[in-house]
Amino acid sequence: MFGFRKTQMVSAEDALPGRDTPVPVPERHAVLGTPLTPPYPEGSEIAEFALGCFWGEERTFWQVAGVITTAVGYEGGFTPNPAYEEVCTGRTGHAETVRVVFNPSQVSYQQLLKVFWESHDPTQGMRQGNDTGSQYRSVIFYQSEAQREAAERSATEYGKKLAEHGYGQITTEIVPAGEFYFAEDYHQQYLYKVPNGYCPDHSTGVSCPVGILPA
């Protein structure tokens, strides 16, 4: 697509065609030893967040107590079963996304929202730092009405805190979860496999109060 800019959202008509076959992924989480793909343990819940380069952000979430497993993938676009190289062109519409499977009796969705907000700068639009493109945009993919309400409430409250510290408006999308396409094997738990790998910190340093509120 001549002249296409990665900071523009591609349309469904102009998105890459993709493929019918999912990419193969490991059965187990390289760090936690838990299932990477469904079925997940009974009573567990899923949260999905896009907040920039998914390598570092996945590591942040797998260290949270109560998290059962994590995986990285692509969500929010049009191309079925995209390859990483395709996502990086901006022509699939997907964001780099972390799936977090958690035990709600040990960690609440509100606490995961706190981790989400504090781990990136949600005011930057189609980028995080020097990582520029629609795949780096900030998104909360909610799984239920309860998650939607919690996400919207947290965005409002955290937006106030950011404004107090001189930041602009939050650009995070809060949208229904769609198809989550697992990323290639080498992306899963990347910073465990490559400890000195690329891991930029784009957090604002502004504390989010939402995660400590009752569920």
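Which residue stands opposite Arg 99 in strand 3? Select Ala 71 to see the partner of Arg 99.

This is a predicted model, in which local features need pLDDT of at least 70 and side-chain atom pairs count only at pLDDT 80 or more, while totals for chains, interfaces and linings use all residues. Residues are numbered from 1 along each chain as its sequence is written, and side-chain values use heavy atoms, with hydrogens and water left out.

**Strand 3**

Select residues 95-102, which form strand 3. Helices (H or I, at least four residues) and strands (E, at least two) are DSSP runs, numbered from the N terminus. Eight of the eight residues of strand 3 are buried, so the strand is largely enclosed by the rest of the structure. Buried means under 20% relative accessible area, exposed over 50%, partly exposed in between (1.4 Å probe, protein chains only). Ala 95, Thr 97, Arg 99 and Val 101 point one way, and Glu 96, Val 98, Val 100 and Phe 102 the other.

Next, add strand 2 (residues 67-75), which pairs with strand 3 in the antiparallel sense over eight bridges. Two strands pair if DSSP finds at least two bridges between them. Strand 1 also pairs with strand 3 in the antiparallel sense, over six bridges; there, Phe 49 stands opposite Val 98.

**Helix 4**

Now select residues 145-164, helix 4. Its buried residues include Ala 151, Tyr 158 and Leu 162. Seen down the helix axis, the buried residues fall within an arc of 155° (taken from the directions from the axis to the C-beta atoms), so they line one face of helix 4. The face turned away from the buried side carries the exposed residues Ala 146 and Glu 164. Finish at Gly 166, which follows helix 4 and has a positive phi, near 90°.

Definitions and conventions: The expected span of a helix is 1.5 Å times one less than its number of residues.
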